[in-house]
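Q: I'd like a close look at one part of this predicted model rather than a tour of everything. Could you pick a spot and walk me through how the chain is put together there?

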Amino acid sequence: MTDLYRPLQSLCEGHWFKLICGASYQHLASIRDLTLAYTLAGADCIDVAADPAVITAAQEAIQMATTLNIPDCNLAPSVHPDFLAAHRPWLMVSLNDGEDPHFRKAHFDADRCPTDCPRPCERICPAQAIAFPAPPAPQGVIAERCYGCGRCLPVCPIGQIITEATVVNPAQILPQIMALGIDAIEIHTQMGRVAAFQRLWSAIVPHCPHLKLIAVSFPDGEDAIAYLWTLHDVIRATWSGPLVWQTDGRPMSGDLGKGTTHAALKLAQTVLTEGPPGYVQLAGGTNAHTVTKARQLGLLTPSGQSVSREPGPQRTIAGIAYGSYARAQLRQWLETGLAGEGEREVRREDREARGLFGERLWSAVQAAAALVSPLKAGLVVSLEREDRFSQVPSPVAAARPP
Ligand code: SF4
Ligand code: SF4
């Protein structure tokens, strides 16, 4: 007997887990590793930049997850190919309707740095995106690694770090990314941008028949609820499928500390009761404390019940997205690479090394599952397994509360 959960079911039942790789993050090896580990840990959605190379890297990782030789890699029953084939996460691409911190990259001229600067920018960067290798190698921001968090800006003693917006033309990029077979689009917006939102939405509408979900990400702000109702009317005029409201509490901050999760929860409480119909999903500052806090506030959907999409005190969150914190959980593996070309080469050529690959991958999956599992505590997965799988604990079950 097989009882499998798919992304939409996770949304309907309130345990949707989304990995945010970053709207401007383009480090392909890390995107591949993050996607591979979180896919194997049970993520429902992988959110990436609107960049064909990034989308392809994420798709390669999802494909790799569904075709891994499980016995060789000594992985868990929950990563059985039958499970993953049915539970394949949706691939979401983020677009923006205007200036947005998620769509920018830091930049500075390393030649202007005082020779005695202790380089606080390098230390504070959570993505190892600032480096000073020996010349002639280029020094400064490694653009593909920068995801625009902005932490390096205030620490520079000469104030020379700036950010530059990453701009994509929706009319040009949409046909390319749709041709790659993405599942969902997320629109990042801010209060008062109705006209800009409508322009972007008009560009997306022709592609809607090929999408499974639309999400809208927004920060808190004055008249936020009224703005969301306006967007709802714009979207619902042409889209009747699943609609997610992403409450972006404190963007790109989940790895900074326990308290960063509060802003997303507070915004979600308002949207749940007063916001327009649809699924409400947390993001921005989410971390290991988010599920506990959401449960204390009564925002989680009880196991076995469905999420209400209508506003009111009965509506609960449909899921949680994790970005900075999810990446931080895998930092030790991202630094050395998990599924990069080198690893695959080793894996192909050396049976002993292949075992090592499996061990490292399995450790990364366990770290990812520790974040995924609390949200999916009520999830019941039963699979027919061969005996050889039965001795290995599931990463989901392993982190499930008693
Ligand atoms: S600290 Fe943030 S903004 Fe600065 S380089 Fe690193 S990722 Fe980019
Ligand atoms: S903190 Fe500023 S001056 Fe110092 S190394 Fe970084 S960019 Fe250069």
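A: Here is a walk along one strand and its neighbours, then into the empty space beside it, with a few stops elsewhere for contrast.

Let's start with strand E1, residues 16–20. Is it buried or exposed? 5 of the 5 residues of E1 are buried, so the rest of the structure largely encloses this strand. You can see that on either face: Trp16, Lys18 and Ile20 point one way, Phe17 and Leu19 point the other way, and all of them are buried. Note that Lys18 is on that list too.

Now look at what E1 pairs with. In the parallel sense, E1 pairs with E12 over 4 bridges, and Phe17 of E1 sits opposite Ile320 in E12. E1 is also joined to strand E2 (residues 45–48), again running parallel, this time by 3 bridges. Two of the positions to click on are Lys18, which stands opposite Cys45 in E2, and Ile20, whose bridge partner in E2 is Asp47. To get from E1 to E2 the chain goes through helix H2, residues 28–41, and this β-α-β crossover is right-handed.

E2 itself is covered on both faces. Cys45 and Asp47 lie on one side, Ile46 and Val48 on the other, and all four are buried. Carry on past E2 and you reach its pairing with strand E3, residues 90–96, which is parallel over 4 bridges. Val48 stands opposite Val93 in E3 there.

Back to Ile20, since that residue takes us from the strands to the empty space. Rolling a probe the size of a water molecule over the atoms shows where empty space is left. A search of the whole structure for cavities of 30 Å³ or more turns up 4. The largest holds about 230 Å³ of space. Which residues come closest to its centre? Out of 26 lining residues, they are Ile20, His102, Met252, Gly323 and Ser324. So Ile20 faces two ways in this story: it is bridged to Asp47 in E2, and it is also among the residues closest to the centre of the largest cavity.

Who else builds that lining? Strand E8 (184–188), strand E10 (243–248), strand E12 (319–322) and helix H12 (324–329) each put in at least two residues. H12 gives the most, with 3. E12 is the strand you already met as a parallel partner of E1. In character the lining is a mix: 10 nonpolar residues, 12 polar and 4 charged.

Met252, another of the residues closest to the centre, is worth a stop of its own. Met252 sits in the loop between E10 and helix H10 (262–274), and its phi is near 55°, a positive value in a residue that isn't glycine. Is Met252 buried or exposed? Its relative accessibility is 14%, and since buried means under 20%, Met252 counts as buried.

For contrast, take Asp223. Its phi is also positive, about 60°, and Asp223 isn't a glycine either. Asp223 lies in the loop between strand E9 (213–218) and helix H9 (224–236). Here the relative accessible area is 56%, and since over 50% counts as exposed, Asp223 is exposed.

One more comparison, this time with the second largest cavity, at about 100 Å³. Among its 16 lining residues, Cys125, Ala129, Cys146, Cys149 and Cys152 lie nearest the centre. Its lining divides into 11 nonpolar, 3 polar and 2 charged residues, to set beside the 10 nonpolar, 12 polar and 4 charged of the largest cavity.

If you want to retrace this in the viewer, begin at E1, with its 5 of 5 buried residues, cross through H2 to E2, then come back to Ile20 and look into the largest cavity from there.

Key: Residues numbered from 1 in each chain as written. Chains lettered and ligands numbered in written order. Predicted model: local features only at pLDDT ≥ 70, side-chain atom pairs only at ≥ 80, totals over all residues. Heavy atoms only, no water. Buried < 20%, exposed > 50% of the residue type's maximum accessible area, 1.4 Å probe, protein only. Pairing = 2+ DSSP bridges. Right-handed = clockwise from strand over helix to strand, strands pointing away. 1 Å grid on protein atoms, 1.4 Å probe; cavity = no way out; pocket = protein on both sides within 12 Å on 5 of 7 lines; lining within 4 Å. Points joined across faces, edges and corners; volume = space filled by probe spheres on them. Nonpolar A, V, L, I, M, F, W, Y, C, P; charged D, E, K, R; others polar.
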